[in-house]
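Here's a quick tour of a protein chain for anyone who'd like to know what's in the model before heading back to the bench. Have a look at it first, then read on.

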Amino acid sequence: MTTETSQTLDRGLRVLKLLADTDHGLTVTELSNKLGVNRTVVYRLLATLEQHALVRRDLGGRARVGLGVLRLGRQVHPLVREAALPALRSLAEDIGATAHLTLVDGSDALAVAVVEPTWTDYHVAYRAGFRHPLDRGAAGRAILSARQTADPSHPGYTLTHGELEAGASGAAAPLVGVSGVEGSVGVVMLTDAVPERVGPRVLDAAREVADALR
C-alpha cells in the first residue's frame, strides 16, 4: 500500500475478488483469515458492499457476489470491444473473412464485436449482438474446449462447418489468461473448408486480444 491508495477500498476490492473465485461463498471467519484482518473489519466491509448490492449473504451467513456486479459488468462489453478492434481488423483484412469477438453470456455465446473485410466481394453477414448456444458454432465450441483442456495456457483452435449457417465455416480460438473474461476470437467465411493457415492466424489474433485486455 502506498500513501496514495485507500486501505479500506483495497480491502473491499479484495473481498470481491475472493468471493468471485468461489462458488460456495465465504464466511466472515474465512474472509478474516484470508485478508489478515479481524472479524469486525470484515463485517463493516460486507455491510458497505451489501448496501451497493455488490455482496449478498445467505441464511447460513456465507457471503457471495451480489447482483449489483452484473450492472457494472454491462459496462464491460464496450471496453472489451474497443480493446479488441485493432486485432479483429487485422484478422479480417488478412483472412478476407468476417472476424468477431465472442463472450460467454449465461449459456450462450454472444458476439460483442464484429469486423468485416474491406476488400472482398462478399462475406458472411454477422452482427454484434448475435447469440447462439455455446455448443454450436466455432466461437462457442472454442470456449467449451478451453474449459475442458488440461493445459489452458496452450489452447488450440476449433473449426466448424454449417452449424450456424448453411455453407458457412468458422474458426475460433479461446481467450486465455484474461481475468473475468471468458470468450473467443474467430472468423466466419463462405467456404466448405477452412484454409489451413486460418486456424493458426485466429490463434494469434486471440493472443493479441488477450494481451490487449490484460
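What follows starts with the whole chain and then moves to a few of its helices.

This is a predicted model, so keep the ground rules in mind: local features need pLDDT of at least 70, side-chain atom pairs count only at pLDDT 80 or more, and totals for chains, interfaces and linings use all residues. Residues are numbered from 1 along each chain as its sequence is written, and side-chain values use heavy atoms, with hydrogens and water left out.

**The whole chain**

You'll find seven helices and eight strands here. Those labels are DSSP runs numbered from the N terminus, with helices being H or I of at least four residues and strands E of at least two. The C-alpha trace spans about 65 × 35 × 30 Å along its principal axes. Of the 214 residues, 39% are buried; that means under 20% relative accessible area, with exposed being over 50% and partly exposed in between (1.4 Å probe, protein chains only). Take the contacts (heavy atoms within 4.5 Å) between residues at least 6 apart in sequence: 49% of them join residues at least 24 apart. The chain exposes about 11,900 Å², and carbon and sulfur atoms supply 52% of that, going by the Shrake-Rupley method with a 1.4 Å probe.

**Helices α5 and α6**

Helix α5 runs over residues 76–95, and its end C-alpha atoms are 28 Å apart, which agrees with the 28 Å that 20 residues should span at 1.5 Å a residue. The expected span is 1.5 Å times one less than the number of residues. There's a bend of about 45 degrees at L85, with a proline, P86, following within four residues. That bend is the angle between axes fitted to the seven residues ending there and the seven starting there. Just after α5, G96 takes a positive phi of about 75 degrees.

Here's how the buried sides of the two helices look:

| Helix | Buried residues | Packing partners include |
|---|---|---|
| α5 (76–95) | V80, A84, A87, L88, L91, A92, I95 | β3, β4, β8, α7 (198–213) |
| α6 (138–148) | A138, A139, G140, A142, I143 | β3 (98–105), β4 (108–115), β5 (131–133), β6 (158–161), β7 (168–174), β8 (183–190) |

**Over at α1**

L13 lies in helix α1, residues 7–20. Is L13 buried or partly exposed? L13 is partly exposed, with a relative accessible area of 43%. Its C-alpha atom is separated by 30 Å from that of G129, 116 residues apart along the chain.
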